[in-house]
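Notebook open, structure loaded. I want to go through the chain contacts, then a helix, then a sheet.

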Amino acid sequence: MNKQNKIKQYGSETVPLPPVDCDVFTTACDYCIVACGYKVYRWSVAKEGSRKRNGLETEFPVPMMSGKWISSNQHNIVMHKGEPHYIAVIADADTTVVNKGGDHSIRGGTIAQKCYNPLTPSKDRLLYPMVRINHEFQRVSWDDAIDIMAQISKYVIQKRGNQAWAMKMYSYQYWENTHALTKLALRKIQTPAWALHDQPTGHGPDTPGMSDAGIDNFSASYEDWGMAETLLIVGTDPYESKTIIFNEFIKPAIDNGMKAIFVVPRKTMGVAYAEQNGGMHLEITPGTDAILLYALARIIIENGWEDKAFVSKWINNKLERDKEVFQADGFDDFKSWILSNDDAKLDNAVKITGIAKEKILTTAQWIAKPKADGSRVKASFGFEKGLYWSNNYMGTAALTSLGLICGAGNRPGQVISRFGGHQRGMMPGGKYPTERLPEKFPGWKKQGIDLDRWVEQGNASFAWVVGNTWTHGMSASKHLEDKLRSFTSKHPAQPSKLDKEHIIQTLKQRVDEGGLVMVDQDIYPVSPIGSEFADIVLPAATWGEENFTRANGERRIRLYQKFYDAPGESLADWKIVAKFAKKMGFDGFDWKDSNDVFEDAAFYNKSRRTSYVALVEYAHSKGLSGHELLKSYGTNGIQAPVRWEDGVLKGTKRLHDDTLYTGVSHGLTKIDQKWLRKFKTKTGRANLLKVPWKLYSDYWEFMKPVEDELWLTNGRINELWQSGFDDQQRRPYLHNRWPDNFLEIHPNDAKKRGIESGDWVEVANTKIPVEINGYTKESKNDAADGIIALQANANITTPDELEETMGLNNYNDSIKSSFMQSDALEMDDEMIQSIAGSTKEQHHDDAIMGDLHSAIGQSWKTIEPMTFTSLVNEKRIELYSASFQAVAIVTPDIKEGVTFTYFNMPSAKGSPNSLAGRVLDPVSQRPRYKLSRATVKNLGASPYKDQIMQMSFKPRGIV
Amino acid sequence: MLLGATTVVLSCVAPLNAGARLKTKEYAKKYIISLHDLKANEPFYFSYPESGGSKNSFIVKLQEKAAGGVGEDGDIVAFNQYCTHMGAPLEGKYNKVYKVMGACPMHLSTFDLTRHGMIVSGHATEPLPQVVLKVEGDDIYAVGISGLMYGYRENPV
C-alpha cells in the first residue's frame, strides 16, 4: 500500500435533512443564462428531519431521477436573523420549465456553497467598507466611505466635467441593481465614460447583424431548440455552457432524430454526442465562420433551395433607408451579390475554414434542401461568442442572412437566436448620453467612449468599478492594467492616515496631478482592481441576501428570494447607489426596499423586450407588490414581455411570432408592439445583409499564426461557466477538478514542442495589436468635428513590422468598388440608443426598433476610418506583449493548429484575454477577443502531471 | 459535520469541505473477486455494502495506475455505479481507452476512474463514490466506501 492508496474525497459522510416545518424559498441559479429553478430549504441547526419524515416530503434513500437528493456539496450553514441555520439548495424537482424535474448543472448544483460561511473558503467575502491607507486596506464606516466618494466626485465633475467621472459595471447582476447604477451614472451624473463588463464601449448592440436584420437576439424560447429537424450551432457547445438547454431540449431532440451540426474548433461532449447520433462537427479555423455561413447561403441559392414562400412574405423587398451599405435591396439583390462574391465560393470556404467540402455541402442540404415531397426542413440557428466575439458585425449578419433564406427567424422550431451568456439582468435607469460624446465617426453618428482607451489617456479622474475584473475581462490589455496602476496605487498622492479630511485632500491632490481615484464594489477582493488599485472598497450583498429579479435566455422572469443575512455590513448594490446619490443631492433614490426599485424600473422600461410593467399593474390591482406576485409564480416565473390581456396575465413565448394571439389589453401594456408578431424593422419584414469579408480580413490576416505560432482561442467549460467569480477558488469540489488554468493542444502540435498532458506551458504573444490614442481635442466642440486628430508623437512600437505584416494598403478601395456601390453616404439619423428606457424614445422615428441599435445607414466613409488597416495607417495601433501559464491537456479533440484556454480563470497565472488584440469591430465597436495567436513552450511538469488527486486530463467528449 | 447537535454556533461548525479530510465509511471486509479472475478492462459488478440486491458497484482493472488502486500495478479500483448527478445506472458505460465511466445515459456526465471518480465533464455534484479495496493474497476485498452514494443521506449501515 502506498500513499496513493489513501482515499481522499471531498464531501461529508452524512447530509442534514430539513424538518417538516422548514422554510422553503424559490430562486434560480445565480450563474449562467439558463437560470434553472431552485428551492432553498432553511431550518435552525437545532432541528433536523428524519429519513422518513422531512421537509422534502420524500423518503431517503430517494429513487433515481427523483430530483430530491441532497448531495454533500448541496448544503451549508448560514446566518438568519443572527442565528445559524442549515440550508439545502437543490434544483426544483417540481418545476415544469427550464430544468424540468430537477435537472441541474454542476455549478448550480453546488450553489449552496456560494453562501457566506466564515469556516469555508467563502471566508474572504468583503464585509466592511475599506479605504487604502499606505497600501493597506482599513475599515471605515459607510458614512465616511460614501462621504469621501461624494466629495471627490463633486470635485472631479466641477473641475473636469462629468466625462471625467467613470463607471465600469456588470450588465447582469439583477435588475434592481443595474437600474440603480445606470440611473445614477447615465441619468443623474450623465457621464459618457461608462461601459459594461464585457466591452469597452458603452452603447450599441452585441449582435448588430441580427439587429440590422430585424431579429431580437433573444427571440426564441428554449423549447424551440428541440423542435427543429436540423439545428445549426455556431461558436458554442451548449453542453459546455448552457448545460440544461442541452440536457432538456437539444439532447432529447437528437435522440428523436434531430440533426445537430456544431461549428466549433473543439469536440466537447455535445459535439461528440451529436456526431455519434447523426449530426456533424464542422471543425472550423477560428474567425472564419462568416466565410462558411455565406458559402452555405451561396450553395443554397445556387440550388434554388431557399424558402421561397418565406422570402416572399418576410424579406424586405426594399431598403430600410436609402443608400444603404450592407442591407440587400431585396432577395434578388442578395442573390446577385452572393453569386458574384468570390469569398463565398465553396472552394474558398474549404481553404479558409479548413472544413471538408463534403461537410459543407451536407450542411447546406440538411438545413435547406427540400424533401422529396417538396416540403421543407425545419431548421434553427443558434450561436454564441465563438461567432460574435471573433467577427462581430459580419459574423452575426452572415448567420442571420443564412437563417432567413432557410425560412427561420419567427416560427416555432425555426428560430435564429443567441443561446446566451450571463442572465439578462440589465434594466436601465437612464440613457447613454450621446450628446456628450467627445468622439464620433466622420460625418456620422457619435461614437461611444472606448472606456479603456479613455481612461488610459488620463481622461478620467474617478472610476467606480462594480462587480467585474476590468483588467482581466473581455478586451483585457496589459496596457490598461499598467496605466491604471500608474494612475492609482503607483501615483505619488497616497493617503497615509485614516483621517477623512486627509484622505479627501490627498485624493483631490491626486486628481489635480493627473491621477485616478478608484472605488471597487464587489463581493470578494478582486485582483488587482480591488486588492491593489482601488482607494475605496465597498462590500456588496448578492444572491440570497436580497430579493432580486431578472430574466433568463427565454425572457423568463423569476424572483430570486432573500433567505439569509448578508455578511458583515455588506449592502445590495442598489442600496449603496442610493446612499451615494442622496449624498450627491440627487432625487429619485428614496427606495425603501428592492421592490420599490423593481417597480420604478418597470415603468421606465415598459417597451423593452423584458417589459414587466403589466405584471406590476396587475399586482397592484390585486393589492400585491410586483415582487409578491412574482414570488407566487415560483420557479416557473413568467416570460416577458408580460401582457395583461383578456383579464389575465400572459407570458410571451417567442418574439416576431405571427402565430401569437393577442387579446384585449389592460393597463399601460403596449399590446400592439409590432415586433411581437413581426420582425423588428419599419416594415416588419427582415433584412438580408451583404457584408464583405474584406471588412474583417485585414484583422484576421494579421492575427493568423505565423512560423511556430498556433491559433489561441478561449472559452468556458461546463464545470466553470459564468461562475468563476466565486466558485473556482472557493468550492473545493470544483477547485479540485480545475485548480489551474489549462491549454488544450492537439497531439501533433504538442509532439513538435515536446509537450505532454500535465506540463506547464508558457503561452505568449509578442504582437498584440492594441488601439490607442484619439480623444486629443480638449473642447467638446472641437472634438465633435470629426474623428479625433491623432497625436503627432504617437509612440508606435514597430510600425514597419505592422505595415509589412498587413500588406493590405489598397484593400479599402477594392471594397468600395467591388462591394459597396455607395461610398459617399451621409446620414443624420439620431443614434438609436443602446439603452432602452427613455420615454422620449417612444416618439422616436425608430421607436419600432425598440432597444435595438442599427448599423444600417452607415456609409462606407463612416466605416473605413475605423478599419484595422486605417488605424494602422493612422498609427493608432501599438503592438504589445503578454503571456500566461497553463497546464497542457494534449487532446485530439482540439483542431490541429489551434489551442484553447479558459477565458478568465481567477487562479490563472497571467490573463489569456490580454493575448487577444484590442481592435474593435469597425461597424459595431465591439471586441474580437476570441481571436489570438501564440507561441507555446514547455516549462516542465506541473504537480498535476504525476499526482492523481487533482485535475483530470481526459478528453471532454467521451460519449 | 455532525448532525443532531443542538447547540451549534456558526463559529464552531467544522468546515463543510475540509480539504483533504478522509471521508471513508468503513464496513466489515467483503470478498469481491480474485485477482486472477479479474480481466483487464472488464468491469465486474457486485453488490456493496449490502449483500444481495442490485449490483450497485463495479470493480475494474484499468491497466493504468489509479488513485486508490490496489494490486501489483495499483490499477484495480472499484466504484458505486450510480451517477451522482441524478442517479442513473452507469453499467455498461466503462470506456477502456480513457479509463472513464460514462457518459451517463441520462445527461452524459463522465468520471475519471484514475482520479477517485472525479468528474471529467458534466453535472454530478459528487465524485463517483469509491469502494475502498484491500488485497490479501489472490483475494480482493472491499472494506469501505468513500463518498456518499446517490440517493442516500448517509451510506447504508
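I started with where the two chains meet: 59 residues of chain B are in contact with 63 residues of chain A. This is a predicted model, so I'm reading everything below as computed.

Next I looked up which elements of chain B give two or more residues to the side that touches chain A. They are β1 (24-34), β7 (110-112), β8 (118-121) and β9 (130-136) of chain B. The largest share comes from β8(B), with four residues. I also sorted that side of chain B by class and got 29 nonpolar, 23 polar and seven charged residues.

Then I moved to helix α3 of chain A, residues 175-189. Does its length come out as expected, or off? At 1.5 Å a residue, its 15 residues should span 21 Å, and the end C-alpha atoms are 20 Å apart, which agrees. I did find a kink of about 30° in α3(A), centred on K183(A). Is the helix buried or exposed? I count α3(A) as largely enclosed by the rest of the structure, because 14 of its 15 residues are buried. Right after α3(A) comes Q190(A), and its phi is positive, near 60°.

Last, the sheet in chain A. It is open, has four strands in the order β1-β2-β4-β3, and pairs antiparallel. I noted β1 (23-28) and β3 (75-80) of chain A as the edge strands, each pairing on one side only. The twist averages 35° from one strand to the next. I zoomed in on β1(A) and β2(A), residues 37-44: they run antiparallel and are joined by six bridges. There I picked out V24(A), which stands opposite Y41(A) in β2(A).

How values were computed: Residues numbered from 1 in each chain as written. Chains lettered and ligands numbered in written order. Predicted model: local features only at pLDDT ≥ 70, side-chain atom pairs only at ≥ 80, totals over all residues. Contact = placed C-beta atoms within 7 Å. Nonpolar A, V, L, I, M, F, W, Y, C, P; charged D, E, K, R; others polar. Expected span 1.5 Å × (residues − 1). Bend = angle between axes of the 7 residues up to and from the residue. Buried ≥ 20, exposed ≤ 12 C-beta atoms within 10 Å, placed from the backbone. Pairing = 2+ DSSP bridges. Axes fitted to C-alpha atoms, helices over the stretch in contact; angles between N-to-C directions.
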